[in-house]
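Work through the exercises below with the sequence and the structure at hand. Each task is followed by a worked solution.

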Amino acid sequence: MQRTGIRALALSGVAVVGLVAGCGESAGQSQDVGAGAAQQVSRTSTGDHRYPLEKSDIHWSGSPSPFNAQVKLADGRRVAMHYMKGKGLLVQDYSPKAEGWSKSALVYKTRTDACQGITLKAKDGTVAAFGDFGVYCADGEPPTESVAAVATGPLTKWATHLTKNFDGWEKIAVATGGKKVTFSRGGDKLNWTKAGGFPAAR
């Protein structure tokens, strides 16, 4: 079943934005369809959480926007993601001690259109997310880039996995202890483990 861009999100009523519970929900993608690539994305941890929460610059008529998402960890920290035109998927983390957000960091760089909403889920210190992009997603075409991402600990390093020409993951399951994350869509699955990360590109 293919989902076609933003229109599919509006019709399905997927509410994955603004999650502030210990666990998020899901929306999107698959593994063996197209080329998969795994990599590590890092940003310098300065301990500086004095920035405001940023929002997507993509226009959305109505509220909430599917291009912003947030999840809360059990220790009070939060992770927020948003899409930016011509940039891709960005992330910030919130420190309850500093009562502020980190500077936005790029998790996945692309100039293509954002497709569906962002999904975030957190459990036992592990945060997982996915999002979709496509050349003509703004016109209702399906995704051409599907990104899965996972971070642990200080949340300054995000492991990412790209699947091309794929409709997107639909669910995220984080195992107890946060040592394993499974992204799924129907019978297709993609696993991340704390010991080995994502599988290597094929």
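## Exercise 1: The disulfide

C115 and C137 form a disulfide, with 1.6 Å between their sulfur atoms. The model is a predicted one.

**Task.** Find which parts of the chain the pair C115 and C137 ties together, and decide the handedness of the disulfide from its S-S torsion.

**Solution.**
1. Apply the cut-off: two cysteine sulfur atoms count as a disulfide when they are within 2.5 Å. By this rule the structure has one disulfide.
2. Locate the two residues. C115 is in the loop between β7 (113-114) and β8 (119-123), and C137 is in the loop between β9 (126-134) and β10, so the pair ties together parts that are 22 residues apart in sequence.
3. Read the torsion. About the S-S bond of C115 and C137 it is about 65 degrees, so the disulfide is right-handed.
4. Check the surroundings. Buried means under 20% relative accessible area. C115 has 0% and is buried; C137 has 1% and is buried as well.

## Exercise 2: A hairpin

**Task.** State how β10 and β11 pair, and say how many residues lie between them in the hairpin.

**Solution.**
1. Take the pairing. Strand β10 (residues 145-151) runs antiparallel to β11, and six bridges join the two.
2. Pick out an opposite pair: S146 faces T163 in β11.
3. Look at the turn. The hairpin of β10 and β11 has five residues between the strands, and G153 in this turn has a positive phi of about 60 degrees.
4. Judge how enclosed β11 is. Six of its eight residues are buried, so β11 is largely enclosed by the rest of the structure.

## Exercise 3: A sheet of three strands

**Task.** Give the order of the strands in the open sheet that contains β13, and explain why one side of β12 and of β14 is left without a neighbour in the sheet.

**Solution.**
1. Write down the order: the three strands run β12-β13-β14, with antiparallel pairing.
2. Find the edges. β12 (171-174) and β14 (188-193) each have a single partner strand, so one side of each has no neighbour in the sheet.
3. Add the twist, which averages 20 degrees from one strand to the next.
4. Examine one pairing. β12 and β13 (residues 180-185) are joined over four bridges in the antiparallel sense. Here K171 has S184 in β13 as its bridge partner.

## Exercise 4: Salt bridges

**Task.** Show which residues are joined with R185 into one network, and describe the pair of R50 and D48.

**Solution.**
1. Recall the principle: side chains of opposite charge can pair when their charged atoms come close. The structure holds four salt bridges.
2. Take the first partner of R185. The side chains of D167 and R185 form a salt bridge at 3.7 Å, N to O. D167 sits in the loop between β11 (157-164) and β12, while R185 belongs to strand β13, 18 residues apart.
3. Take another partner. E170 and R185 meet in a salt bridge at 3.3 Å, N to O. E170 is in the loop between β11 and β12 and R185 is in strand β13, so this pair ties together parts 15 residues apart in sequence.
4. Combine the steps: shared partners join D167, E170 and R185 into one network of salt bridges.
5. Classify these residues. D167 is buried at 7% relative accessibility, R185 is buried at 10%, and E170 is partly exposed at 27%.
6. Turn to R50 and D48, whose side chains form a salt bridge of 2.7 Å, N to O. R50 is exposed at 60% relative accessibility, whereas D48 is partly exposed at 24%.

Key
Residues are numbered from 1 along each chain as its sequence is written. This is a predicted model: local features need pLDDT of at least 70, side-chain atom pairs count only at pLDDT 80 or more; totals for chains, interfaces and linings use all residues. Side-chain values use heavy atoms; hydrogens and water are left out. Two strands pair if DSSP finds at least two bridges between them. Axes are lines fitted to C-alpha atoms, for helices over the stretch in contact, and angles run from 0 to 180 degrees between N-to-C directions. Buried means under 20% relative accessible area, exposed over 50%, partly exposed in between (1.4 Å probe, protein chains only).
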